[in-house]
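This report is intended for a reader who is meeting the structure for the first time. Please keep the sequence and the model in view while reading.

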Amino acid sequence: MTVQLWTHCRIATLQAGHSAPYGLIENAALAVDSGQIVWVGPRSELPAELAACKTREHDAGGALITPGLIDCHTHLVYGGDRAQEFELRLQGTSYEDIARAGGGIASTVLATRAASEEELGAQSLKRLQALLSEGVTSLEIKSGYGLSLAHERKTLRVARSLAGNQPVEVCTTFLGAHALPPEFAGRQDAYVDEVLRMLPLLHAEGLVDAVDAFCERIAFSVAQTERVFQAAQALGLPVKLHAEQLSDSGGAELAARYGALSCDHLEWLSEQGAVAMAKAGSVAVLLPGAFYFLRETKLPPVAMLRSHQVAMAISTDCNPGSSPCTSLLLMLNMACTLFRLTPEEALAGVTRHAATALGFSDRGVIAAGKRADFVLWDVAHPAQLAYAFGANPRLKTVFKGEVV
């Protein structure tokens, strides 16, 4: 055993059921061996055998340590931008009207198809590095801007490649059922057939960790979404869903029947949907950036989610049309100011609950046996991470036990 020890710190473990808010440990120590946390607790209680195995001691300088942040819902790989549509919305055109006129997701599909794999990689790397600069150590990247086999493959390959030389783990999600591509105009069921053809091929190439769909009146019906879920289930892939963003379609209940890892957006979620999610253990992923950027007025039912004990995660939803955001710390503030989450709920939403939303059991909290992904912050209290928008108090990130 070769132990690296971190001392002179306070640690917000974010462990559920801890007696202190945030799972906070004062005058703490953290022991790491082979990329894994082997002990955490008050420095005065460090076991003698771990102290004897110490090969290096890091003085954290009084920093606050939290788990590495997890961005559990992004569309990070895309071409172009949609600044012109932003102007149209400010002039009164709705998101749905823009989509029906051939804008929205369809316009990003055209730009993404036109970009080479190298161009997409270069553009996406800048967005990824912005997230990493704020302490992100794991994230999900969805496809859904290719909408054909060749272009979905291209975007998923780029997503996989981004983690190749960066200190981050990337999960890839196949979102072929994101929108109707122009060549399938008026033939929605035929396009779902095409999605079902793409999925096993991309999965066989090792490009798919999970499957998502956009179940909404401007996208795909519950019946069409269920076909996608059935195909994912047959391949042993977990599912998640863009659900109840613009209307109550009953998508959350469908997703829960398939044991979805998460249901995301949820502004129009019904109580039946919340009950179904609670029974299935599906995480509610709240996306305040999209709520803000689209100037929505229908708030997600946070009180109802709390009452049914549905775990709530927070994410950037980084995408060109409704949340062109690469700051997970800003999302902490927005989750508190717009959705009235507590700072502790928000921080759990980008650590413990975000890990669950991606199917990870080895990270998201600081505890023995977990992967040694954690961040040192120049703050006195965890609430400050949600308090100061535009600030980035990150001092350093540790990924798999190594300082980035």
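In this predicted model, the count of cavities of 30 Å³ or more comes to one. The largest cavity holds about 110 Å³ of space. Its lining is made up of 14 residues, and those nearest the centre are Tyr95, His178, His242, Asn319 and Ser322. Sorted by class, the lining of the largest cavity comprises eight polar, four nonpolar and two charged residues.

Aromatic rings form a second topic. Seven aromatic pairs are present in the structure. One of them joins Phe86 and Phe293, whose rings are stacked, with 4.9 Å from centre to centre and 15° between the planes. Phe86 belongs to helix α2 (residues 83-90) and Phe293 to helix α11 (residues 288-293), so this pair ties together parts that lie 207 residues apart in sequence. The two partners may also be described by their accessibility. Phe86 is partly exposed, at 34% relative accessible area, whereas Phe293 counts as buried, at 18%. Elsewhere, Phe184, Tyr191 and Phe220 are linked into a cluster by ring pairs.

Aromatic rings also meet charged groups, as the following table shows.

| Charged residue | Ring beneath the charged end | Distance to ring centre |
|---|---|---|
| Arg127 | Tyr78 | 3.7 Å |
| Arg363 | Phe360 | 3.5 Å |

A polar contact involves His58, a residue of strand β4 (residues 54-59). Is His58 buried or exposed? His58 is buried, because its relative accessible area is 8%, which is under the 20% limit for that class. The side chain of His58 makes a polar contact with the side chain of Gln4, at 2.6 Å.

Two residues deserve attention for their backbone angles. Asn27 is not a glycine, yet its phi is positive, near 45°. This residue lies in strand β2 (residues 24-33). With a relative accessible area of 62%, Asn27 is exposed. Leu147, likewise not a glycine, has a positive phi of about 60°. Leu147 is located in the loop between β7 (136-142) and α6 (149-162). Its relative accessible area is 1%, so Leu147 is buried. Thus, of these two residues with positive phi, Asn27 is exposed and Leu147 is buried.

Key: Residues numbered from 1 in each chain as written. Predicted model: local features only at pLDDT ≥ 70, side-chain atom pairs only at ≥ 80, totals over all residues. Heavy atoms only, no water. 1 Å grid on protein atoms, 1.4 Å probe; cavity = no way out; pocket = protein on both sides within 12 Å on 5 of 7 lines; lining within 4 Å. Points joined across faces, edges and corners; volume = space filled by probe spheres on them. Nonpolar A, V, L, I, M, F, W, Y, C, P; charged D, E, K, R; others polar. Phe/Tyr/Trp six-rings, centres within 6.5 Å; stacked < 30°, edge-to-face > 60°. Helix = DSSP H or I, 4+ residues; strand = E, 2+ residues; numbered from the N terminus. Buried < 20%, exposed > 50% of the residue type's maximum accessible area, 1.4 Å probe, protein only. Lys NZ or Arg CZ within 6 Å of the ring centre and 35° of its normal. Polar contact = N/O pair within 3.5 Å; in protein donor to acceptor, adjacent residues only side chain to side chain.
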